[in-house]
Amino acid sequence: MSRIALVDDDRNILTSVSMTLEAEGFEVETYNDGQAALDAFNKRLPDMAVFDIKMPRMDGMDLLQRVRQKSAMPVIFLTSKDDEIDEVLGLRMGADDYVKKPFSQRLLVERIRALLRRQEVISGDEVTEAEASQVMQRGDLSMDPLRHAVVWKGRDVSLTVTEFLLLQALAQRPGFVKSRDQLMDVAYDDQVYVDDRTIDSHIKRLRKKMRTADNEFSAIETLYGIGYRYNEE
């Protein structure tokens, strides 16, 4: 049974969403501010979390930043209807997905299930033993799907579930371009709609993580109007 943490200062949302998730077979923990959630996460991390952005004591952005210092746990942001800046910033900080308020609880459940399925793929639960044991080596990049481990130019790189899947898709065929639509298919289920800026934000974060010390080279190249590709040095 997967454990889901809900963090929102709206008690009505906490109550209604937790009831829905429990009916779907999830174990649910609820927190009404970011600090309370962080205190609990320091003792035991859930399998994934849903954060509201605007909260007292510690907002969702700050909470995400603290979580990302030690964990790639999947995170979905709840954003206000017209808060595009929050959506983009949240993705660039390392959120895996976002859902706009007011939202369909069925949609949120589908997003949660999609993220958990993607995490299972990376952990090797849905691949053969032979496939899981193969570490992909592309130039200075090493990716171990079973351990969710990435090494770039001799240093460990911590990636979220979405970032790992996108990088894996690009690195499988160096020099070949993948369109945004192709990357969406890799990172998201068919039932989940995302727009271009979601993929762009994840790629920008990936590129930032993979820059060299002199900040002059990134393995991921943008081909404007076409898509992205991974380049081996």
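Good morning. Helix axes here are lines fitted to C-alpha atoms over the stretch in contact, and the angles between them run from 0 to 180 degrees between N-to-C directions. With that convention in place, I turn to the structure, which is a predicted model.

I begin with a pair of helices. Helix 7 spans residues 161–171 and helix 8 spans residues 180–187. Their axes come within 9 Å and cross at roughly 125°. Angles of 65 to 115 degrees count as roughly perpendicular and those over 145 as roughly antiparallel, and helix 7 and helix 8 are therefore oblique to each other. The handedness of their crossing is right-handed.

Which residues make this contact? On the side of helix 7 they are Thr162, Leu165, Leu166, Ala169 and Leu170. Helix 8 contributes Leu183, Val186 and Ala187. Sorted by class, the contact has 7 nonpolar residues, 1 polar residue and no charged residues.

My second topic is the interior space. The count comes to 1 cavity of 30 Å³ or more, and the volume of the largest cavity is about 30 Å³. Its lining consists of Leu6, Val7, Asp8, Ile13, Leu14, Val17, Val50, Leu78 and Leu108.

Where does this lining come from in terms of secondary structure? Strand 1, residues 3–7, and helix 1, residues 11–23, each supply at least two of the lining residues. The largest share, 3 residues, comes from helix 1.

As for chemical class, the lining of the largest cavity divides into 8 nonpolar residues, no polar residues and 1 charged residue. Thank you for your attention.

Methods: Residues are numbered from 1 along each chain as its sequence is written. This is a predicted model: local features need pLDDT of at least 70, side-chain atom pairs count only at pLDDT 80 or more; totals for chains, interfaces and linings use all residues. Side-chain values use heavy atoms; hydrogens and water are left out. Helices (H or I, at least four residues) and strands (E, at least two) are DSSP runs, numbered from the N terminus. Angles under 35 degrees count as roughly parallel, over 145 as roughly antiparallel, 65 to 115 as roughly perpendicular and the rest as oblique. A crossing is left-handed if the near helix is turned anticlockwise from the far one by less than a right angle, and right-handed if clockwise. Contact means heavy atoms within 4.5 Å. Ala, Val, Leu, Ile, Met, Phe, Trp, Tyr, Cys and Pro count as nonpolar, Asp, Glu, Lys and Arg as charged, and the others, Gly among them, as polar. On a 1 Å grid over the protein atoms alone, a cavity is a set of points where a 1.4 Å probe fits but cannot get out, and a pocket is an open set with protein on both sides within 12 Å along at least five of seven lines; lining residues have an atom within 4 Å of a point. Grid points are joined across faces, edges and corners, and a volume is the space filled by probe spheres set on the points.
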